[in-house]
Amino acid sequence: MTEKRLGMLIDLSLCIGCNACAVACKQENGVPLTKFNTWVESWDVGTGEQTRRANEPKLCNHCADAPCVKVCPTGASYRTEEGVVLVDEEKCIGCKYCMAACPFQARWVDDDTGEVGKCTFCYHRSSQGLLPACVSTCVTRARYFGDLNDPESDIAKKAAEAGGEALYADLGLDPAVLYVGLSQVESMPVTSAIHRGGNVVKPLEG
Amino acid sequence: MVWDGIIACYLFLAGLGAGAFALAALAGFVKPDATKLRLAGYLIAPIAVAVGTVLLMVDAKAGLMNPLRFFGLLANFSSVMAWGVVILILFMIVSVAALVIMLRKKSTPKALDIVGLVCAVAVAMYTGLLLGDAPGFPLWNPVVLPLLFLVSAVSSGFAAVLLAAHAGKTGEPEGLGFLKKTGLALPVLEAVLVVALLAVTASVGGSAGPAAAASVANLVSGPYAVAFWLGLVVVGLALPFCLELVRAAQAKKNPEAASSGMAIAGEACVLVGGFLLRYLVIMAAVPLVLF
């Protein structure tokens with residue numbers, strides 16, 4: 001029996017960029033205005049003849065070798081037995097070292113308290129056998145959630161069938177968030193600015 | 001941007017304090033009677049590091065609002081920051097002890113100076129390693145940055161002490177022969193390391209490649225290019241080097257005529273460059289995401 005490893009798999013061919021996940025997450029977790037635990041990056045792709053919309057939901061990757069946990073001087077950032085990376089706000093001094101260490105920029109600082117927040121895989125739900133809010137609300141069921149190490153779980157079956165790719169796999173951080181169709185989407189020519197929740201985060205170059 | 005000018009100030013002051021102690025200690029080995037200069041160094045060292053540490057705490061808002069949380073800072077020694085806290089505490093203890101002994105006896109025990117020098121090197125290099133251990137920003141190279149910040153710490157610490165010595169017209173810096181060499185060698189060494197940082201960053205490949213290239217472009221030709229070329233390269237490195245050359249030539253002709261005004265100008269330039277180096281390294285760094 002291998003260790004439990006909670007993870008998420010997102011089928012990019014199903015994501016329509018509706019942002020229902022981002023809204024459900026905010027409601028479930030009371031995330032402050034302008035901060036996000038999960039968000040969708042959207043941009044146009046095309047070859048000139050046909051334009052399509054690429055949508056890439058993002059969140060904390062709950063890395064097995066999490067740099068944020070390594071650099072946290074107070075141990076406020078930690079990893080649970082199920083592989084979920086969490087922040088104990090009571091220990092956080094707000095030094096933001098974890099934010100500098102995270103290659104996914106998945107963490108944010110609360111402007112009022114100075115404490116750092118992030119996706120918890122809805123630990124208050126998932127530790128009770130419920131799905132994270134973003135997964136249960138997804139209108140196209142693009143998000144799968146479960147134990148990556150249990151071959152009988154939905155997520156493990158989907159990963160085995162469709163193949164799961166991690167973001168920045170070459171960094172060797174071993175993320176628990178996988179994507180179906182990631183390399184196809186990222187290999188398509190970008191023909192618009194990249195938007196995050198409707199706001200431009202990277203203008204189109206050229 | 002995760003960090004900003006506050007952290008740049010902290011990195012600058014920590015390095016400056018370390019360098020100031022180093023000059024006071026080294027001067028004690030070769031010319032113990034340069035007491036005013038040495039006292040200036042022992043005085044600047046703990047003050048600069050203490051002010052820097054306070055800035056660090058101000059930036060850590062959650063800790064500032066709940067100060068007891070700072071006692072948890074030694075909980076995780078896989079974090080460079082936890083080691084930094086130990087190093088800063090040791091440096092503060094040694095440098096305050098050296099200051100007190102200097103004030104009382106006008107000299108310091110050699111053993112204390114050696115321990116302090118080790119702590120000073122650790123403080124200076126730790127500020128670079130702190131950034132180097134954050135894989136979110138490919139500009140922060142874990143090998144080059146500690147060396148670059150060490151050299152810059154020596155430069156800026158020396159400059160701060162010499163500025164005080166020249167402004168106070170002590171005449172003591174002229175008695176320290178090694179300063180003629182460091183005044184020329186340090187800017188050259190720092191320039192080489194800046195080039196090395198840019199070259200190493202530009203050669204980063206894989207997922208971090210685009211952000212690394214964008215960071216280099218930010219400095220060399222992007223929004224930080226004026227501060228980089230004019231501020232760091234010209235004012236911070238080239239000008240102090242040239243002023244030192246001119247002063248050396250003057251001193252050869254007539255040792256009495258060597259202008260202390262020129263020395264002060266050069267030292268002020270070094271300080272500007274020292275701060276700008278930290279500021280640019282922090283502000284021009286591009287995170288991996290989206291690039």
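1. A good place to start is the salt bridge across the two chains: in this predicted model, the side chains of B:Asp59 and A:Lys96 meet with N to O at 3.3 Å. The rule finds three salt bridges across the interface of chain A and chain B. Polar contacts add to the picture, with a count of 23 residue pairs between chain A and chain B, both partners at pLDDT 80 or more. On the chain A side, α2 (67-71), α3 (97-101), β10 (194-196) and β11 (199-202) each supply at least two residues that touch chain B. The residues on that side divide into 19 nonpolar, six polar and twelve charged.

2. Now the extent of the interface. Contacts join 37 residues of chain A to 35 residues of chain B, and the two chains bury about 2,800 Å² between them. Of that area, 58% is on carbon and sulfur atoms. Which residues of chain A lose the most area to chain B? They are A:Pro73, A:Ile93 and A:Tyr97, which together make up 23% of what that side buries.

3. Strand β2 of chain A, residues 38-46, deserves a look of its own. Eight of its nine residues are buried, leaving the strand mostly covered. Its pairing with strand β3 (residues 51-59) of chain A is antiparallel and runs over nine bridges, with A:Gly46 standing opposite A:Thr51 in β3(A). Four residues lie between the strands of this hairpin, and A:Gly48 takes a positive phi there, near 110°. If you check backbone angles in the model, that glycine is one to find.

4. The β2 strand has another pairing in chain A. β2(A) and β10(A) are also antiparallel, here over two bridges, and A:Ser42 stands opposite A:His195 in β10(A). The β10 element appears at the interface too, being among those that supply at least two residues to the side of chain A that touches chain B.

5. Charged side chains also link these strands. A:Lys58 forms a salt bridge with A:Glu41, the closest N and O atoms being 2.6 Å apart. A:Lys58 lies in strand β3 and A:Glu41 in strand β2 of chain A, so the pair ties together parts that are 17 residues apart in sequence. Are these two residues buried or exposed? Both A:Lys58 and A:Glu41 are buried. They also belong to a network of salt bridges that links A:Glu41, A:Glu56, A:Lys58 and A:Arg196. For a computational chemist, this is a group to view together.

6. Helix α1 of chain A (residues 20-29) comes next. Buried in it are A:Cys21, A:Ala22, A:Ala24, A:Cys25 and A:Lys26. The cover over the buried residues of α1(A) includes β2, α5 (133-137) and β8 (143-147) of chain A. After the helix comes A:Gly30, whose phi is positive, near 60°.

7. The same helix takes part in a salt bridge: the side chains of A:Glu28 and A:Arg125 meet with N to O at 3.9 Å. Why does this pair count as a link between distant parts of the sequence? A:Glu28 lies in helix α1 and A:Arg125 in helix α4 (residues 123-126) of chain A, so the pair ties together parts that are 97 residues apart in sequence. A:Glu28 counts as partly exposed, at 31% relative accessibility. One small caution: the rule's cut-off is 4 Å, and this pair is at 3.9 Å.

8. Chain B has a salt bridge of its own to note, in which the side chains of B:Lys31 and B:Asp33 meet with N to O at 3.5 Å. B:Lys31 is partly exposed, with a relative accessible area of 26%, while B:Asp33 is exposed at 53%. Over all chains, the count by this rule comes to 14 salt bridges.

9. Finally, A:Ser77, which lies in strand β4 (residues 77-79) of chain A. With a relative accessible area of 5%, A:Ser77 is buried. Its side chain makes a polar contact with the side chain of A:Arg107, at 3.0 Å. Which residues surround A:Ser77, leaving aside its neighbours within four places in sequence? A:Ser77 is in contact with A:Cys68, A:Val69, A:Cys72, A:Leu86, A:Val87, A:Cys98 and A:Arg107.

Notes:
Residues are numbered from 1 along each chain as its sequence is written. Chains are lettered from A and ligands numbered from 1 in the order in which they are written. This is a predicted model: local features need pLDDT of at least 70, side-chain atom pairs count only at pLDDT 80 or more; totals for chains, interfaces and linings use all residues. Side-chain values use heavy atoms; hydrogens and water are left out. Contact means heavy atoms within 4.5 Å. Buried area is the accessible area (1.4 Å probe) that two parts lose on being put together, summed over both. A polar contact is a pair of N or O atoms within 3.5 Å; within protein, one must be able to donate a hydrogen and the other to accept it, and residues adjacent in sequence count only if both atoms are side-chain atoms. Ala, Val, Leu, Ile, Met, Phe, Trp, Tyr, Cys and Pro count as nonpolar, Asp, Glu, Lys and Arg as charged, and the others, Gly among them, as polar. Buried means under 20% relative accessible area, exposed over 50%, partly exposed in between (1.4 Å probe, protein chains only). Two strands pair if DSSP finds at least two bridges between them.
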